[in-house]
Amino acid sequence: MTRRRILLINGPNLNLLGKREPHIYGSTTLTDVETQARDQATRLDIELETFQSNHEGAIVDRIQQAAGWGPNAAAANEERERVSVIIINPGGLTHTSVSVRDALLGVDIPFVEIHVSNVHAREPFRHHSYFSDKATAVICGLGVYGYAAAIEFAARHLKVNR
Ligand SMILES: O=C1C[C@@](O)(C(=O)O)C[C@@H](O)[C@@H]1O
């Protein structure tokens, strides 16, 4: 059986986790989050790739690549590159990005939306997401534990895609 492949995407400013507004986002760094995520994936016998970018277009390219498409996909690698599930913290793009939404819908890969903070308890502009109505699940307010919860859920409940 094909192993599940999960792609964990973090959007703008999440490279500053641990330094940025620690009263909201905590003191764990993105490197810690990604290391723990990789260890967890190994225990669950799934493949995990991580990607962080501050650039909307780079995130769109990475999502297309997850389907074996787009400018960064290696030719004839469609099967090998295809991921089963995307876990995405779009950061501020949550509240603005039609393009990232369109990319996720375009590749038709199920995704889990995650936020470290409880966006609904914050400023009103954070209450709307361009992703939540299409996400398989939405996690927010669990702190960085939300990443572990998302991986656990994806590994147990989402089928291998193709
Ligand atoms: O950058 C972020 C991080 C965030 O996605 C979170 O993880 O809580 C919440 C967003 O509103 C914010 O722009």
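## A look around the ligand and the central strands

An oxygen atom of the ligand sits 3.2 Å from a polar backbone atom of Gly92. That is a handy place to start in this structure, which is a predicted model. The protein covers 98% of the 320 Å² of accessible area that the ligand has on its own.

Who else is around? The ligand is surrounded by Arg20, Tyr25, Asn89, Gly91, Gly92, His95, His115, Val116, Ser117, Val119 and Arg126. Sort that shell by character and you get three nonpolar, six polar and two charged residues. Arg20 and Arg126 also show up in the polar contacts with the ligand, listed here together with Gly92.

| Residue | Part of the residue | Distance to a ligand oxygen atom |
|---|---|---|
| Arg20 | N or O atom in the side chain | 2.9 Å |
| Arg126 | polar side-chain atom | 2.9 Å |
| Gly92 | polar backbone atom | 3.2 Å |

Now for the strands. Asn89 and His115 from the ligand's shell are handy markers here: Asn89 belongs to strand E3, residues 85–89, and His115 to strand E4, residues 111–115.

Let's take E3 to begin with. Is it buried or exposed? Five of the five residues of E3 are buried, so the strand is largely enclosed by the rest of the structure. Val85, Ile87 and Asn89 point one way, while Ile86 and Ile88 point the other way, and all of them are buried. On the pairing side, strand E1 (residues 5–10) runs parallel to E3, with five bridges between them. In that pairing, Ile6 has Val85 of E3 as its bridge partner.

E3 also pairs with E4, again in the parallel sense, this time over three bridges. Ile86 is matched with Phe111 of E4, and Ile88 stands opposite Glu113. To get from E3 to E4 the chain passes through helix H5, and this β-α-β crossover is right-handed.

What about E4 itself? Five of its five residues are buried, so E4 too is largely enclosed by the rest of the structure. Both of its faces are covered: Phe111, Glu113 and His115 are buried on one side, and Val112 and Ile114 are buried on the other. So Glu113, which counts as charged, is among the buried residues of this strand. E4 also runs parallel to strand E5 (residues 137–140), and four bridges join the two. One of the matches there is Ile114 with Ile139 of E5.

The loops are worth a visit as well. Gly91, another member of the ligand's shell, is found in the loop between E3 and H5. With a relative accessibility of 15%, Gly91 counts as buried, because the cut-off for that is under 20%. Which residue, 80 positions away along the chain, has its C-alpha atom 5.1 Å from that of Gly91? It's Gly11.

Ser27 makes a nice contrast. Its place is in the loop between helix H1 (22–25) and H2, and it is exposed, with a relative accessible area of 61%. The C-alpha atoms of Ser27 and Leu8 are 19 residues apart along the chain, and 20 Å separates them in space.

Finally, two aspartates share a backbone quirk. Asp45 has a positive phi of about 60° although it is not a glycine, and Asp108 likewise has a positive phi of about 60° without being a glycine. Where do they sit? Asp45 is in the loop between helix H2 (30–44) and strand E2 (47–52), whereas Asp108 is in the loop between helix H5 (98–107) and strand E4. Asp45 is partly exposed, at 48% relative accessibility. Asp108 is exposed, with a relative accessible area of 60%, because anything over 50% counts that way.

Methods: Residues are numbered from 1 along each chain as its sequence is written. This is a predicted model: local features need pLDDT of at least 70, side-chain atom pairs count only at pLDDT 80 or more; totals for chains, interfaces and linings use all residues. Side-chain values use heavy atoms; hydrogens and water are left out. A residue is near a molecule or strand if one of its heavy atoms lies within 4 Å of it. A polar contact is a pair of N or O atoms within 3.5 Å; within protein, one must be able to donate a hydrogen and the other to accept it, and residues adjacent in sequence count only if both atoms are side-chain atoms. Accessible areas come from the Shrake-Rupley method with a 1.4 Å probe; for residues, only the protein chains shown count as cover. Buried means under 20% relative accessible area, exposed over 50%, partly exposed in between (1.4 Å probe, protein chains only). Two strands pair if DSSP finds at least two bridges between them. A crossover is right-handed if, with the strands pointing away from the viewer, the path from the first strand over the helix to the second runs clockwise.
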